[in-house]
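Colleague: I have a structure open here and would like a close look at one part of it. Could you take me through one helix and then whatever helps to place it?

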Amino acid sequence: MKKDVLVIGGGGREHAICQKLKESSRVGTIYAAPGNAGIAQIAECVDIKATDLDGILDFVRANPDIYMTVVAPDDPLSMGLVDRLNAGGFRAFGPDKAAARIESSKAFSKNLMKKYGIDTAAFEVFEDYSAAKSYLDKASYPLVIKTDGLALGKGVLICENLQQASDGLKSIMLDKAFGVAGSRIVVEEFLRGVEVSLLAFTDGKTVKLMPSARDYKRAFDGDNGLNTGGMGAFSPVPDFMPYIKKAEKEIVIPTVKAMQQEGCPFSGVLYFGLMVCADGIKVLEYNARFGDPETQVVLPALTSDLLDVFDAVIDGRLDTAAVEWDGKKRVCVVAASGGYPLEYKKGDEIFLGGMPEGVQIFHAGTTFKDYRMVTNGGRVLAVSASGDTLAEAREKAYKGVSKVIFGGMFYRKDIAAEV
């Protein structure tokens with residue numbers, strides 16, 4: 001008997017999850033809350049925000065055929081949606097609120113790494129503006145300032161000098177540019193090296209790694225401009241291949257064990273933002289869920305049944321599950337609204353031409369208005385392509401982007417250029 005599934009969220013990551021679930025012979029109806037115009041082509045979208053926990057619980061109660069709820073975004077995880085679903089007797093994929101702190105509190109994650117000897121940048125935590133300012137006055141530069149809480153992937157400031165750091169500190173702690181997320185901050189050393197994203201399924205005991213990926217956070221070519229939620233990605237990362245076993249042994253497994261020891265075992269997808277430095281591999285950040293846009297290049301490679309994997313994670317039997325990948329290379333390029341990540345316009349009509357073979361379009365900020373597909377966010381579409389080589393995948397991805405048109409559209413032209 002086929003199982004109905006509810007996916008929480010409405011971005012490119014959620015579109016990729018829905019698409020992979022659609023390929024499962026075990027999945028029946030897919031619901032998405034709130035979904036987007038692309039997800040609507042393969043699932044039933046319901047007008048409930050991802051942060052409307054009461055609304056989601058009411059919907060699950062009203063639809064008893066829903067077998068599982070997949071909680072994909074960071075906010076509902078940090079708010080305890082999985083806890084509330086489980087308390088109601090409903091099956092849910094994702095970490096509970098206590099485990100989701102590994103992303104929702106930078107101070108928690110940094111102190112966890114310090115306690116269990118997991119290598120990361122040297123850091124200090126501040127809740128008082130004056131104390132933080134005094135520290136910055138004496139610090140060496142460049143350095144990094146991070147909001148403790150969630151800030152849509154934008155709460156990280158790389159400061160080249162004291163003036164930038166002072167301005168950033170004021171913006172975060174006094175002007176509340178990121179709201180309560182900036183009430184506490186982490187100041188840490190700036191790491192140099194090769195950056196990589198490594199995602200893993202885990203049931204709190206067993207770990208199954210996904211192919212490595214690299215994303216591009218800055219808005220413009222050459223890593224210029226403001227930090228964004230991510231302007232593109234590729235997978236796998238060739239120059240990380242020699243380090244995968246080392247990262248698993250020294251970082252991934254110790255992190256999962258540390259969460260067990262802390263009494264908050266992690267079940268779901270654990271994301272490791274890593275930096276391969278001259279003196280070893282260090283953790284930049286953790287995420288408590290699939291990354292975006294990494295998911296759009298990693299998840300399409302999964303050849304195993306995603307619902308089977310989710311089931312194995314929830315039931316604590318990931319050690320018995322098949323988690324296999326197709327070995328292809330993938331590149332994705334994000335088409336964004338002009339002005340993103342600051343102010344941008346919504347409602348521009350989107351025109352999509354025919355896509356080359358091997359190209360998938362994952363919708364992020366899209367919706368329907370008067371029967372037209374229009375922009376509804378900063379990151380609008382992710383064009384993801386596969387190939388036998390990264391060069392082939394990159395060529396296909398940019399051919400796909402050339403078929404996308406909407407007002408104010410921009411995209412980086414250097415995704416995967418270095419490989």
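What follows is a walk along one helix, then some salt bridges and a few other spots.

Colleague: Let's take H8, please: which residues of H8 are buried, and what do those buried residues pack against?

Modeller: Sure, and keep in mind that this is a predicted model. Helix H8 covers residues 162-174. Its 13 residues should span 18 Å at 1.5 Å a residue, and the end C-alpha atoms are 17 Å apart, so the two agree. The buried residues in H8 are Ala 165, Ser 166, Gly 168, Leu 169, Ile 172 and Met 173. Looking down the axis of H8, you'll find its buried residues within an arc of 165°, so they line one face of the helix. As for what that face sees, the buried residues of H8 pack against helix H7 (129-138) and four strands: S6 (123-126), S7 (143-147), S8 (156-159) and S9 (185-189).

Now the two ends. At the start of H8, Asn 161 has a side-chain oxygen that comes within 3.2 Å of the backbone nitrogen of Gln 163. After the helix comes Lys 176, with a positive phi near 55°. There is also a salt bridge in this stretch: the side chains of Lys 170 and Asp 175 meet at 3.1 Å, N to O. Neither partner counts as buried: Lys 170 is partly exposed because its relative accessible area is 41%, and Asp 175 is partly exposed too, at 47%.

That pair has company elsewhere, as the model holds 32 salt bridges. As a general point, side chains of opposite charge can pair when their charged atoms come close. One such pair is Lys 20 with Glu 23, 3.0 Å from N to O. Lys 20 has a relative accessibility of 7%, so it counts as buried. Another is Arg 26 with Asp 308, at 2.6 Å, N to O. This one links distant parts of the chain: Arg 26 sits in the loop between helix H1 (12-22) and strand S2 (27-34), while Asp 308 belongs to helix H11 (residues 306-315), 282 residues apart. Arg 26 is partly exposed at 24% relative accessibility, and Asp 308 is partly exposed at 35%. Through shared partners, salt bridges join Arg 26 and Asp 308 with Arg 91, Asp 311, Asp 315 and Arg 317 in one network.

Arg 91 leads us on to Thr 69, since Thr 69 touches Arg 91, and also Leu 6, Ile 8, Val 60, Leu 85, Ala 92 and Phe 93, leaving aside residues up to four places away in sequence. Thr 69 lies in strand S4 (residues 66-71), and at 1% relative accessibility Thr 69 counts as buried, the cut-off being under 20%.

For another buried stretch, try strand S20 (residues 359-363): four of its five residues are buried, so S20 is largely enclosed by the rest of the structure. S20 pairs with strand S23 (residues 379-387) in the antiparallel sense, over five bridges. Across that pairing, His 363 faces Leu 381 in S23.

Last, something on the outside. Lys 257 is part of helix H9 (residues 244-261), and because its relative accessibility is 51%, Lys 257 counts as exposed. Its C-alpha atom is separated by 33 Å from that of Cys 332, and the two residues are 75 apart along the chain.

Note on methods. Residues numbered from 1 in each chain as written. Predicted model: local features only at pLDDT ≥ 70, side-chain atom pairs only at ≥ 80, totals over all residues. Heavy atoms only, no water. Salt bridge = Lys/Arg side-chain N within 4 Å of Asp/Glu carboxyl O. Buried < 20%, exposed > 50% of the residue type's maximum accessible area, 1.4 Å probe, protein only. Helix = DSSP H or I, 4+ residues; strand = E, 2+ residues; numbered from the N terminus. Expected span 1.5 Å × (residues − 1). Arc of directions from axis to C-beta. Contact = heavy atoms within 4.5 Å. Polar contact = N/O pair within 3.5 Å; in protein donor to acceptor, adjacent residues only side chain to side chain. Pairing = 2+ DSSP bridges.
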